Amino acid sequence: MYSRLVQIDPYLNDMSIFLFGARQTGKSTLLRHLYPNAVYIDLLNTEVYARYSRRPNLLYEMYHTHDANTLIIIDEIQQVPLILNEVHRLMSERGIRFILCGSSARKLRRQGYNTLGGRAYPCYLYPLVSAEIPDFDLDKALSYGMLPAIYTSSNATLGLSAYIDVYLREEIKAEALVRNLDSFQRFLDIAALTDGEIVNYNNIATDCWVSAHTVKEYFQILEDTLLGYTIPAYTKTIKRRLIQSPKFYLMDVGIVNYLLHRNGVVRGTAEYGHSFEHFVIQELVAYIGYHHKQNQLCYWRTSTGLEVDAIVGESLAIEIKSVTEVQNKHLKGLRAFREEHPNFTLMIVSLDPFTRQTEDNIQVVYIHDFLAQLWSKKLF
């Protein structure tokens, strides 16, 4: 088992935890490993689900005599949201601590279920990150992604196929999140095709044969089920006119490649470049999430096409290129950004193995050096 970087214990000492993460990010495995003596309630178990669905107060009846040292883990909490009322009672009356684990917050947020009045701290488990993998293989990650079971699989393509099938069947169809599963499947393919691109709802709607409103709802489903996230545009400007629409990324680069029928990506190709950029964004998102940083991750693009791939807070601008030799033409966006924001640190992350600093103070950082700096907390 991988040693995961998510921090749970510091928050569990004082309150309960909501642990969210997409399917197969390793939530159940992690919790069983960290807390082998906890009471474990698995709502994916058909019999357990049926009992608690009929009588959510069964939880209170079973555990209201336990003392405050009891830790109860409820897996797939979104399956029976009403059980949260009994969780609240046990927390308030007995001081029992809970870890509430799930792959979707949609029901909890959309239908107004008890969210425990701020007594449960939200944590997120992401796919694996480079710092969690001994002998990390960049090309393998860029081809097949970082979901634990997929990264270690001898047949990653088959594993990704099963992943998408389970997602569509259990998250989308079973929860009746969409009326037409075929339309949503088409949308998934288009979402993969536009991964890392600026979202244009009308264009995607045309390609999917649905309305722009439906496309917006589909994107929201991906976010609610933790299969994707948006990166907003950085909009602080002095003179240049900026693009303000967000970009959308699926949560793992391997899922993108599977949906686009890429059985591996090859260095030097446009596909490799897209995967390289997505991977770096994926690492940044996980780092910010695990360290509870307040730095917002954005991108910057002008109406004339000048762009910087990642703006971190108000301090760091990162361009991402899968080139093996960084040249002046690759720094154009960073230099344009500096004209309006001179106090930012500028960096380009690439496959160029010669980490260095240009004469005008742009850091050229080899991808493996960047990952080491990021996870040792030296960047921000």
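In the predicted model, helices H10 and H11 are oblique to each other, because an inter-axial angle of about 130° falls outside the ranges counted as roughly parallel, roughly antiparallel or roughly perpendicular. Helix H10 spans residues 181-193 and helix H11 spans residues 201-208, and their axes are 9 Å apart. The crossing of this helix pair is right-handed. On the side of H10, the contact involves Arg186, Phe187 and Ile190, which meet Ile204, Asp207 and Cys208 of H11. Classified by residue type, this contact of H10 with H11 comprises four nonpolar and two charged residues, with no polar residue.

Helix H10 also packs against helix H12. The axes of H10 and H12 come within 11 Å and cross at roughly 75°. These two helices are therefore roughly perpendicular to each other, since the corresponding class extends from 65 to 115 degrees. Helix H10 contributes Ser183, Phe184, Phe187, Leu188 and Ala191 to the contact, while Val215, Tyr218, Phe219, Ile221 and Leu222 are supplied by H12. The contact of H10 with H12 has nine nonpolar residues and one polar residue, and no charged residues. Phe187 thus appears both in the contact with H11 and in the contact with H12.

Aromatic interactions were examined next. A pair of aromatic rings is described by the distance of the centres and the angle of the planes. Across the whole structure, the search finds 18 aromatic pairs. One of them is formed by Phe187 and Phe219, with 4.9 Å from centre to centre and 90° between the planes, an edge-to-face arrangement. Because Phe187 belongs to helix H10 and Phe219 to helix H12 (residues 212-224), this pair ties together parts that are 32 residues apart in sequence. Phe187 is buried, its relative accessible area being 0%. Phe219 likewise counts as buried, at 5% relative accessibility, because the limit for this class is under 20%.

A further edge-to-face pair is formed by Trp300 and Phe337, whose ring centres are 5.2 Å apart and whose planes stand at 80°. Trp300 is located in strand E8 (residues 297-301) and Phe337 in helix H15 (residues 332-340), so the pair links parts that are 37 residues apart in sequence. Trp300 is buried with a relative accessible area of 0%, and Phe337 counts as buried at 0% relative accessibility. Beyond individual pairs, Phe184, Phe187, Tyr201, Tyr218, Phe219 and Phe248 form one aromatic cluster. Among the members of this cluster, Phe184, Phe187, Tyr218 and Phe219 also take part in the contact of H10 with H12.

Backbone geometry was considered at two non-glycine positions. Glu76 has a positive phi of about 60° although it is not a glycine. This residue is placed in the loop between strand E3 (71-75) and helix H5 (83-94), and Glu76 is buried, with a relative accessible area of 5%. His261, which is not a glycine either, has a positive phi of about 60°. The loop that holds His261 runs between helix H13 (253-259) and helix H14 (270-290). At 74% relative accessibility, His261 counts as exposed, because exposed positions are those over 50%. The two residues therefore fall into separate accessibility classes, Glu76 being buried and His261 exposed.

Two further positions were characterised by their environment and by C-alpha separations. Lys329 lies in the loop between strand E10 (316-320) and H15, and counts as exposed at 60% relative accessibility. Lys329 and Tyr366 are 37 residues apart in sequence, and their C-alpha atoms are 17 Å apart in space. Thr345, by contrast, is situated in strand E11 (residues 345-350). With a relative accessible area of 34%, Thr345 is partly exposed, since this value lies between the limits of 20% for buried and 50% for exposed residues. When neighbours within four places in sequence are left aside, Thr345 is in contact with Ser315, Leu316, Ala317 and Gln363. The C-alpha atoms of Thr345 and Asn361 are separated by 8.3 Å, and these residues are 16 apart along the chain.

Notes
Residues numbered from 1 in each chain as written. Predicted model: local features only at pLDDT ≥ 70, side-chain atom pairs only at ≥ 80, totals over all residues. Heavy atoms only, no water. Axes fitted to C-alpha atoms, helices over the stretch in contact; angles between N-to-C directions. Helix = DSSP H or I, 4+ residues; strand = E, 2+ residues; numbered from the N terminus. Parallel < 35°, antiparallel > 145°, perpendicular 65-115°, else oblique. Left-handed = near helix turned anticlockwise from the far one by under 90°. Contact = heavy atoms within 4.5 Å. Nonpolar A, V, L, I, M, F, W, Y, C, P; charged D, E, K, R; others polar. Phe/Tyr/Trp six-rings, centres within 6.5 Å; stacked < 30°, edge-to-face > 60°. Buried < 20%, exposed > 50% of the residue type's maximum accessible area, 1.4 Å probe, protein only.
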